[in-house]
Protein chains: 2
Amino acid sequence: MTPTITVSRWLDLLQSAGCRVTAPRRAIVELMVGTSRALGPIEVFDLGRAEHPGLGLVTVYRTLEKLEELGLIERVHLPDGCHRYLRTADGHQHLLLCTTCGLVQTFAGDDLDPLTGKVASDTGFAINEHWLQFFGTCPDCRKPISTLSES
Amino acid sequence: MTPTITVSRWLDLLQSAGCRVTAPRRAIVELMVGTSRALGPIEVFDLGRAEHPGLGLVTVYRTLEKLEELGLIERVHLPDGCHRYLRTADGHQHLLLCTTCGLVQTFAGDDLDPLTGKVASDTGFAINEHWLQFFGTCPDCRKPISTLSES
DNA sequence: CTTGTATTGAAAATGATTTTCAATTACAAT
DNA sequence: ATTGTAATTGAAAATCATTTTCAATACAAG
């Protein structure tokens with residue numbers, strides 16, 4: 001699906017959920033659909049103002065919250081304690097994140113269901129979520145600044 | 001190693017690092033050594049005041065930071081975005097956390113080194129950290145309140 | 001085009017964490 | 001034991017992220 005079609009789909013889903021389609025929301029949706037980086041609220045705010053200069057930070061928070069409710073984006077947590085938002089991948093994916101620029105790649109990891117079941121029965125916990133995430137530095141961020149390609 | 005000996009060892013390590021051993025620090029160290037729950041700063045503050053009533057929240061933050069620097073405790077992140085501190089386990093362990101009370105269990109998961117190497121060479125990332133964590137509800141927190149045992 | 005209501009952005013409020021600072025205290029050197 | 005000094009303390013203020021409040025605005029249904 002092309003980015004343009006995905007943007008329309010997200011806006012339709014917003015409308016189906018009883019929300020209005022407004023310029024600020026459109027700007028934020030375009031951003032989140034178009035990027036392959038995990039973005040924090042301030043980044044969305046800064047990038048969004050390029051599209052829609054009047055955009056307010058409060059609207060960013062509210063829109064991200066709504067997109068998360070709809071399952072279109074999800075929070076990812078980083079080692080430093082910050083969290084950012086990321087377009088939800090199809091199916092449950094394991095994540096590889098660049099801690100410098102936020103670039104995200106997904107990878108097909110091991111199937112954790114058997115391990116989850118074993119740990120649950122060993123411990124008596126009811127397990128309802130897991131994280132398998134790798135963190136590192138992406139190829140671009142590993143390069144010296146002089147040779148950096150545009151993102 | 002008994003908890004008492006571990007407390008002494010932590011205090012010795014603090015001193016070796018050029019820090020002074022004070023009553024507030026002793027209270028916080030005893031807490032972190034003695035619990036099997038991941039505790040947030042406010043929890044440490046509240047529990048610590050039982051031991052040392054004058055304890056200030058600022059001191060809690062500073063002491064936890066120092067213990068983390070020394071590698072004696074580590075931050076764990078939770079799905080809701082909060083983070084708590086946990087006595088560092090021997091070797092790298094995978095964690096199972098109760099999202100209700102913070103109880104932590106470690107489990108021997110799959111060895112992720114081969115997968116890490118594969119993902120690194122597939123993507124060109126330099127991978128330097130990973131999380132494999134399960135979240136759920138521990139046996140005690142699953143029980144109705146009337147039958148709760150003391151922790 | 002009019003109208004009702006969801007949405008907006010600014011400002012204020014909140015909550016977590018950090019910084020500043022004067023008073024205190026551990027502890028090394030007498 | 002006493003003392004000097006630098007590390008440490010807790011309170012208050014500052015900072016930063018996030019949420020709430022609210023009056024003005026703008027979407028979309030009729």
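Helices here are DSSP runs of H or I with at least four residues, numbered from the N terminus. A residue is near a strand if one of its heavy atoms lies within 4 Å of it.

**Entry 1: ground rules**

I am looking at a predicted model, where local features need pLDDT of at least 70, side-chain atom pairs count only at pLDDT 80 or more, and totals for chains, interfaces and linings use all residues. Residues are numbered from 1 along each chain as its sequence is written, chains are lettered from A and ligands numbered from 1 in the order in which they are written, and side-chain values use heavy atoms, with hydrogens and water left out.

**Entry 2: DNA strand D**

I started with strand D and asked which helix gives the most to the surface near it. I found that H4(A) does, with four residues. H4 of chain A, helix H2 (23-34) of chain B and H4 of chain B each supply at least two residues there.

I then looked at the 22 residues around DNA strand D, and A:Tyr61, B:Thr22, B:Arg25, B:Thr59 and B:Arg62 come nearest. By class, I noted nine nonpolar, eight polar and five charged residues. In this scheme Ala, Val, Leu, Ile, Met, Phe, Trp, Tyr, Cys and Pro are nonpolar, Asp, Glu, Lys and Arg are charged, and the others, Gly among them, are polar.

Next I looked up polar contacts, which between protein and DNA are pairs of N or O atoms within 3.5 Å. The side chain of B:Thr22 has an N or O atom 2.7 Å from a phosphate oxygen of DNA strand D. B:Gly54 uses a polar backbone atom, 3.1 Å from a phosphate oxygen of this strand. With B:Arg62 I reached a base: a polar side-chain atom lies 2.7 Å from a base nitrogen of DNA strand D.

**Entry 3: DNA strand C**

I turned to strand C, which 21 residues surround, and the closest are A:Thr22, A:Arg25, A:Thr59, A:Arg62 and B:Tyr61. Where do the phosphate oxygens of DNA strand C meet side chains? I found one 2.7 Å from a polar side-chain atom of A:Thr22, and one 2.6 Å from an N or O atom in the side chain of A:Arg25. Helix H2 (23-34) and helix H4 (57-69) of chain A, together with helix H4 (57-69) of chain B, give two or more residues each to this surface. H4(B) has the largest share, four residues.

Last, I checked which parts of DNA strand C lie within 4 Å of the protein: 63% of those atoms belong to sugar or phosphate, and the rest to bases.

Methods: A polar contact is a pair of N or O atoms within 3.5 Å; within protein, one must be able to donate a hydrogen and the other to accept it, and residues adjacent in sequence count only if both atoms are side-chain atoms.
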